[in-house]
Amino acid sequence: MAKRIAVVFDSAGTLLHMYRVAKEASTGRILENIESTAIVAKKNGCGLVVLNTENETILRSREEMLLFEFIEEYRVPIGISCSKGELSSETACEIIKGTQLRMGDVHEVLHAVSTRCPNIFYLAAGLIVDSKARDVPYVLSTGGQVFATTLETLRALQAMKVDTYIASGDSMRTLSQLAEYIGIPPERIFALATTTMKEEVVLKLKNKYEKVIMVGDGINDILALRAADLGIMTVQQGDKRPEKLKEAADLVLDDIIKVVDVVKGL
């Protein structure tokens, strides 16, 4: 007999309140509160690339060291968190190799987030890679702290015997601490999940459960919201969201705790 309900959560902006900064490579300007997935969605061939290594390793590197040299010397795996069109890790590495980006650029955005976001839960660094222009227009960092109602929400759902999952573009390294805190086992975490991968997660779970709910807040959640039996968009982050994302959702909620009442009503 199929289990009754599963709830799949996005991470950044859904379970975590995010603070984001980017350094614009062409001008050196630091831009605050940018939406990386929205930048990616604007242009074919753009992708959000994640540096899968400890922040301590990044910050120990020499500021003048080229970013590509760092990736090679420290054997840093890179992941494609989301993209518009095809972008492979190999192509991203080739493009990074052709730039003059230095580790000091990455240090700068990490410091900007860590100093401006109190009680930070996790800190990550990444890049926007443009495969058409063969360029890296932004170096960026994100930091997150759990929303005040996140833990209460997950505990309530788990007490109701609802199976909870995470499908996120973040790396397993950054998600594992969050998952442990909110009580989601590692086998229910889908890391570095692209837009289509999130959709696939939902579709596979629909074979196992009577109802699958997707909860997300970003444009990279749009296919999963459509594929779910019930798609819930949260606006707790407070950023402006695309209209087509709202249209893809069955419900729009201003606080994640309201997911509990929705599930109770099913």
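Start with the whole protein chain on screen: of its 266 residues, 56% count as buried. Keep in mind as you go that this is a predicted model.

**Stop 1: the whole chain**

Show the chain as a cartoon and colour it by secondary structure; you should find 11 helices and 12 strands. The radius of gyration is 18 Å, close to the 18 Å that the globule rule gives for 266 residues, so the chain is as compact as a globular protein of that length. If you align the view to the principal axes, the C-alpha atoms fill a box of roughly 55 × 35 × 30 Å.

Now think about contacts between residues at least 6 apart in sequence: 68% of them join residues at least 24 apart. Switch on the surface next. The chain exposes about 12000 Å², with carbon and sulfur atoms supplying 49% of that area. Colour the charged side chains too, and you will have 32 positive and 36 negative ones, with the centres of the two sets 3 Å apart.

**Stop 2: helix α7**

Hide the surface and select residues 172-182, which form helix α7. Which of its residues are buried? Show side chains for Thr-174, Leu-175, Leu-178, Ala-179 and Ile-182. They sit on the same side of α7, because they cover an arc of only 125 degrees around the axis.

To see what these buried residues pack against, add the strands β2 (16-24), β6 (122-130), β7 (135-146), β8 (163-167) and β9 (189-190), together with helix α6 (150-159).

Zoom in on Leu-175, which has its place in this helix. Leu-175 counts as buried because its relative accessibility is 0%. Leaving aside neighbours within four places in sequence, Leu-175 is in contact with Ser-11, Ile-166, Ser-168, Asp-170, Ile-189 and Ala-191. For a distance label, try Leu-175 to Thr-164: they are 11 residues apart in sequence and 14 Å apart in space, C-alpha to C-alpha.

Before leaving, step just past the end of α7 to Gly-183, where phi is positive, about 85 degrees.

**Stop 3: helix α6 and the loop after it**

Helix α6 was among the partners of α7, so select it now. Thr-150, Leu-151, Thr-153, Leu-154 and Leu-157 are buried here. Look down the axis of α6: its buried residues fall within an arc of 160 degrees, so they line one face of the helix. Turn to the other side of α6 and you meet Arg-155 and Ala-159, which are exposed.

What covers the buried residues of α6? The cover includes β1 (3-9), β7, β8, α7 and α11 (258-264).

Next, select Lys-161, in the loop between α6 and β8. Its phi is near 65 degrees, a positive value in a residue other than glycine. Is Lys-161 buried or exposed? With a relative accessibility of 72%, Lys-161 counts as exposed.

**Stop 4: Leu-192**

Move on to the loop between β9 and α8 (195-206), and select Leu-192 there. This is another non-glycine residue with a positive phi, near 50 degrees. Leu-192 is partly exposed, with a relative accessible area of 24%.

**Stop 5: helix α4**

Select residues 89-97 for helix α4, and show its buried residues, Ala-92, Ile-95 and Ile-96. Why do they count as being on the same side of α4? They cover an arc of only 100 degrees around the axis. On the other side of this helix, Glu-90 and Lys-97 are exposed.

Bring the partners into view as well: the buried residues of α4 pack against β4 (46-51), α3 (67-73), β5 (78-83), β6 and β7. You have already highlighted β6 and β7, since the buried residues of α7 pack against them too.

**Stop 6: Glu-54**

Finish in the loop between β4 and α2 (55-60), where Glu-54 lies. Glu-54 is partly exposed, with a relative accessible area of 40%. Draw one last distance, from Glu-54 to Ala-124: these two are 70 residues apart in sequence, and their C-alpha atoms are 8.6 Å apart in space.

Note on methods: Residues numbered from 1 in each chain as written. Predicted model: local features only at pLDDT ≥ 70, side-chain atom pairs only at ≥ 80, totals over all residues. Heavy atoms only, no water. Buried < 20%, exposed > 50% of the residue type's maximum accessible area, 1.4 Å probe, protein only. Helix = DSSP H or I, 4+ residues; strand = E, 2+ residues; numbered from the N terminus. Arc of directions from axis to C-beta. Contact = heavy atoms within 4.5 Å. Rg over C-alpha atoms; globule rule 2.2 N^0.38 Å. Areas by Shrake-Rupley, 256 points an atom, 1.4 Å probe, with all protein chains shown as cover. Lys, Arg positive; Asp, Glu negative; His and termini not counted. Charge placed at Lys NZ, Arg CZ, Asp CG, Glu CD.
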